[in-house]
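Have the model open in your viewer, with the chains coloured separately. This tour goes one selection at a time.

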Amino acid sequence: MASITASVYTSHVPAIGAAIDLGKTTEPYWQPLFKGYEFSRQWMQDNQPDVVFLVYNDHATAFSLEMIPTFAIGTAAEFQPADEGWGPRPVPRVIGHPELASHIAQSVIQDDFDLTIVNKMDVDHGLTVPLSLMCGQPEAWPCPVIPFAVNVVQYPAPSGKRCFDLGKAIARAIASFDAPLRVQIWGTGGMSHQLQGPRAGLINKEFDNNFLDRLIADPAGLARVPHIDYVREAGSEGIELVMWLIARGAMADVTGGAKPHLAHRFYHVPASNTAVGHLILESRS
Amino acid sequence: MALDKPYKDVPGTTIFDAEQSRLGYHLNQFCMSLMKAQNRIRFKADERAYLDEWPMGEEQKQAVLARDLNRCIAAGGNIYFLAKIGATDGKSFQQMAGSMTGMTEDEYRAMMVAGGRSAQGNRYVGEDGDAQAHRQPQGRAGQEGAV
């Protein structure tokens, strides 16, 4: 039986990817941010999973306005890093896990979550920047990755509660997979940021840190926060944070199991236009 | 009965909802076409001619030609699509975001390094924060305008 060994949460700012790719991580602007992930890279080596289920959003890369799936699961054998207009990032291709991905799709759809199944798609910085932050610059990513894209580009994104409940369904699906895989689930995006209009540049440290507190201790309550609160308090793009609730909903304690162990917590402002938050929660049996 | 859109009273902010997406469909799909290198070359060679290949409104075309991202957004553009224009021009996301505030690139960057824009006064239209309509443009441009 497969099991979820940990959940990881991180922002996925494109400029972070550029800083890694251009060798700028020790520059004064970037050094404090990357220092916050030193623990995480070591932790990743010490706690290597068999598969990462990676919740992220596409940024008008694989999905234009032709099709806008609310939840899309990547079931392909591999995914290429996308050219987002600046050229593709020089990172390894992403190897998928078609067997587990298809199993999760079938289970979760039968559990009333109508996923879109995607057998061909490129993956953008939303997926590759978290991998770079957690794994550094390897020749190949350390394990297969199942991309799970959530629409947060065209309003409305799915509600926090919908995401949280989907996380529970994903956990049930993983628990019923008949191979002893250690699976990590990652929730990415956020934290507070706004990229448009005269209010561009909004950052709300108080909101962000309260979000981190509640994600750890009161995720069910946090899942009830309405969209408008994210928009008003964390900026129009801060709504990406609902994706963290998918990963949190997959942890055992939300359905009566053991509380997870907080292995790491980090917060930093700014990375380009954005506040960066990061958590690692380990499952306990 | 109309849909509830509580986000309409957030200052300096346009939420890209179904209504904006419908308005901006061709504008955003034009932006998407710039992900192909050959289209970037054609666009840069004759911007007006390239734009005329798309069933966009004149205001949308003028907003693109002027690189006025606030006008593009008012005409249905979405920042993740508009970013393709910025990439074609060699601009970073921070340069693009900053351009919508009236601040210079240095002013905007300094604001972010200092912790970003406060939500204080910028939650509801009618407050007195720096993102409110009566305080545009921001930065030195605004101060010069006031003299």
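Into which domains is chain B divided? Select residues 14-90 for domain 1 and residues 101-146 for domain 2 of chain B; the bounds come from a domain assignment. Keep in mind that the model is predicted. Place a centre on the C-alpha atoms of each of these domains of chain B, and the two centres are 25 Å apart.

Now select chain A. Ten helices and ten strands are found in this chain. Along the principal axes, the C-alpha atoms of chain A fit a box of roughly 45 × 40 × 40 Å. The radius of gyration of chain A is 17 Å, which agrees with a compact globule, because a globule of 285 residues would have a value near 19 Å. Colour chain A by burial: 57% of its 285 residues are buried. Next, display the contacts within chain A between residues at least 6 apart in sequence; 83% of these join residues at least 24 apart.

Show both chains and turn to where they meet. Here 46 residues of chain B are in contact with 33 residues of chain A. On the chain B side, select α2 (25-33), α6 (69-74), α7 (79-89), α8 (93-99) and α9 (105-113), the elements that each give two or more residues to the side touching chain A. Of the elements in chain B, α7(B) gives the largest share of that side, with seven residues.

Last, colour the side of chain B that touches chain A by residue class. What appears is 25 nonpolar, 17 polar and four charged residues.

Notes:
Residues numbered from 1 in each chain as written. Chains lettered and ligands numbered in written order. Predicted model: local features only at pLDDT ≥ 70, side-chain atom pairs only at ≥ 80, totals over all residues. Helix = DSSP H or I, 4+ residues; strand = E, 2+ residues; numbered from the N terminus. Rg over C-alpha atoms; globule rule 2.2 N^0.38 Å. Buried ≥ 20, exposed ≤ 12 C-beta atoms within 10 Å, placed from the backbone. Contact = placed C-beta atoms within 7 Å. Domains from an automatic or database assignment. Nonpolar A, V, L, I, M, F, W, Y, C, P; charged D, E, K, R; others polar.
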